[in-house]
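Visitor: Could you take me closely through the part of this protein where its interior packing is found, and show me which residues meet there?

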Amino acid sequence: MTKKANAGLLPESRWMTQCDVIRYNLKIPQDLKQTLKKEALHKGMDLSTYICGLLSGDIRRKKTGQ
């Protein structure tokens, strides 16, 4: 039986970024979560990536009612 090529490699640990920590601790109302999910799908993103982009300022939302 042959050895696997990656047998000596250690698995890399994944450190949570600040955005990950904030995203997991957010308490988003259900109606806002649904709205964000629709916006994310419209942009071709998943919800967590979209929220991260919003939190970091890379993505701007339309202001409604103004």
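Guide: Two residues are said to be in contact when heavy atoms of theirs lie within 4.5 Å. In that sense, and not counting residues up to four places away in sequence, Ile 59 touches Lys 43, Met 45, Tyr 50, Gly 53 and Leu 54. This is a predicted model, in which local features need pLDDT (the predictor's confidence in each residue, from 0 to 100) of at least 70, side-chain atom pairs count only at pLDDT 80 or more, and totals for chains, interfaces and linings use all residues. Residues are numbered from 1 along each chain as its sequence is written, and side-chain values use heavy atoms, with hydrogens and water left out.

Ile 59 also belongs to the largest nonpolar core, whose five residues are Leu 36, Ala 40, Tyr 50, Ile 51 and Ile 59. At least two residues of this core come from helix 2 (30–42), and at least two from helix 3. Such a core is a set of buried Ala, Val, Leu, Ile, Met, Phe, Trp, Tyr and Cys residues joined through side-chain atoms within 4.5 Å, where buried means under 20% relative accessible area, exposed over 50%, and partly exposed in between, with a 1.4 Å probe and protein chains only. Helices are DSSP runs of H or I with at least four residues, strands are runs of E with at least two, and both are numbered from the N terminus. By that rule the protein has three helices and zero strands.

Helix 3 covers residues 47–56, and its buried residues are Tyr 50, Ile 51, Cys 52 and Gly 53. Just after this helix, Gly 57 adopts a positive phi of about 90 degrees, while Gly 44, just after helix 2, has a positive phi of about 75 degrees. Cys 52 leads back to helix 1, where Cys 19 is found. Although these two cysteines are 33 residues apart along the chain, the C-alpha atoms of Cys 19 and Cys 52 are separated by 5.9 Å. Apart from its neighbours within four places in sequence, Cys 19 is in contact with Cys 52 and Leu 55, and Cys 19 counts as buried because its relative accessibility is 15%. Some caution is needed on that side, since confidence is lowest in helix 1 (residues 18–25), at a mean of 69, and highest in helix 2, at 91.

A polar link also joins helix 2 to the segment after helix 3: the side chains of Arg 61 and Glu 39 form a salt bridge at 3.0 Å, N to O, and the partners are 22 residues apart. A salt bridge here requires a side-chain nitrogen of Lys or Arg within 4 Å of a carboxyl oxygen of Asp or Glu, and a search of the whole structure finds one. Arg 61 is partly exposed because its relative accessible area is 37%, and Glu 39 falls in that class because its value is 22%.

For the setting of this part, 15% of the 66 residues of the protein count as buried. The protein averages a pLDDT of 76, with 65% of the residues scoring at least 70.
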